[in-house]
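This report describes selected features of a protein model, from the packing of individual helices to properties of the chain. The sequence and structure are shown below.

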Amino acid sequence: MRPESPTFSPLYRQIKNLMLNALESAEWRPGQAIPSEQELALRFNVSQGTVRKAIDEMAAENLLVRKQGKGTYVASHNDPRALFRFLRLVPMDGDLAHPQSVPLDCWKAKAGNEAARMLGIELGAPVTILRRLLKFSGKPVVIDEIYLPGEIFHGLTMEVLQSGHGSLYSLFETRFGVRMIRAEERIRAVAADRMTSETLGVPEGTPLLSVERVTYTYGDKPVEWRRGLYSTAEHYYLNELN
């Protein structure tokens, strides 16, 4: 069997692409250890230094996690450290207690123009729509409306959502094999309407953050479009700029 070997420069980027292929094909699953640098060097017919550089870049992009004395693992949403990577709302008192995700609705529909465009699917393609509430210390803080490609998330029901104990992204990863890699967000200020004010327990007209997100998996494929309303009476949105 011929070893897998890249043909274009820079070499470490080609190694990175081959490793991304292994992640995308689920050869290496979230939470599992990947082969050692020596094994990967033999597999790809390159030096360990080239492999190390590829792994370093993937670790910086939160695709892999180095564990001192244990090896390198595929990043997973089951890791508690991953929660606040996609949830940027921080309590003003600094208490980063895990929020409670409360599903409100889940139904099937056909993609309209906006959902089809955001998710990169055909108009009228099946989508699963869910609404959920995030509570911090028992208080409602975020209400989300989430659109998902129906073919990928076939079998997602209210019962499945209610049986989940971790984050939504953890559920998507473990139940449907979909790992969220990166997201793009658009944020603006809005006023709470009557329905939202009742759900979040704030006066009608209260200023809220409207956060629209498109989330991507491997291959830069959009797999989630969500629109959230955030109450910031006791929280603020934190974004680190590097």
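In this predicted model, the buried residues of H3 pack against four elements: helix H1 (11-24), H2, strand S1 (64-67) and strand S2 (71-74). The residues of H3 that are buried are Thr50, Val51, Ala54, Ile55, Glu57 and Met58. Viewed down the axis of H3, these buried residues fall within an arc of 160°, so they line one face of the helix. The length of H3 is also as expected: its 13 residues, at 1.5 Å a residue, should span 18 Å, and the end C-alpha atoms of H3 are 18 Å apart, which agrees.

**Packing of H2 with H3**

Two packed helices are described by the angle between their axes and the distance between the axes. For helix H2 (residues 37-44) and helix H3 (residues 48-60), the axes come within 8 Å and cross at roughly 110°. H2 is therefore roughly perpendicular to H3, given that angles from 65 to 115 degrees count as such. On the H2 side, the contact is formed by Glu37, Gln38, Leu40 and Ala41, which meet Gln48, Val51, Arg52 and Ile55 on the H3 side. The residues of this contact of H2 with H3 comprise four nonpolar, two polar and two charged. Val51 and Ile55 thus appear both in the contact with H2 and in the list of buried residues of H3.

**Positive phi values**

Most residues other than glycine have a negative phi. Several residues of this model with a positive phi are collected in the table, together with their places.

| Residue | Phi | Place |
|---|---|---|
| Asn45 | near 60° | loop between H2 and H3 |
| Asn62 | near 65° | following H3 |
| Ser137 | near 50° | loop between S5 and S6 |
| Gly177 | about 70° | just after H7 |

Asn45 and Ser137 are each placed in a loop, the former between H2 and H3 and the latter between strand S5 (126-136) and strand S6 (139-149). Asn45 is exposed, with a relative accessible area of 56%. Ser137 is likewise exposed, with a relative accessible area of 69%. Both values lie over the 50% cut-off for an exposed residue.

**Buried and exposed loop residues**

Is Ser231, which lies in the loop between strand S9 (221-230) and strand S10 (235-237), buried or exposed? At 9% relative accessibility, Ser231 counts as buried, because the cut-off for a buried residue is under 20%. When neighbours within four places in sequence are left aside, Ser231 is in contact with Leu89, Val141, Leu200, Val202 and Leu208. Ser231 and Ile143 are 88 residues apart in sequence, while their C-alpha atoms are 8.9 Å apart in space.

Gln68 is found in the loop between S1 and S2, the two strands against which buried residues of H3 pack. At 81% relative accessibility, Gln68 counts as exposed. The C-alpha atoms of Gln68 and Lys108 are separated by 44 Å, and the two residues are 40 residues apart along the chain.

**Helix H7**

Helix H7 (residues 168-176) is mostly covered, as seven of its nine residues are buried. The buried residues of H7 are Leu168, Tyr169, Ser170, Leu171, Phe172, Glu173 and Phe176. Gly177, just after H7, takes the positive phi of about 70° given in the table.

**The chain as a whole**

The protein chain has eight helices and ten strands. Of its 242 residues, 43% are buried. Taken along the principal axes, the C-alpha atoms of the protein chain fill a box of roughly 65 × 45 × 30 Å. Among contacts in the protein chain between residues at least 6 apart in sequence, 59% join residues at least 24 apart.

Notes
Residues numbered from 1 in each chain as written. Predicted model: local features only at pLDDT ≥ 70, side-chain atom pairs only at ≥ 80, totals over all residues. Heavy atoms only, no water. Axes fitted to C-alpha atoms, helices over the stretch in contact; angles between N-to-C directions. Parallel < 35°, antiparallel > 145°, perpendicular 65-115°, else oblique. Contact = heavy atoms within 4.5 Å. Nonpolar A, V, L, I, M, F, W, Y, C, P; charged D, E, K, R; others polar. Expected span 1.5 Å × (residues − 1). Buried < 20%, exposed > 50% of the residue type's maximum accessible area, 1.4 Å probe, protein only. Arc of directions from axis to C-beta.
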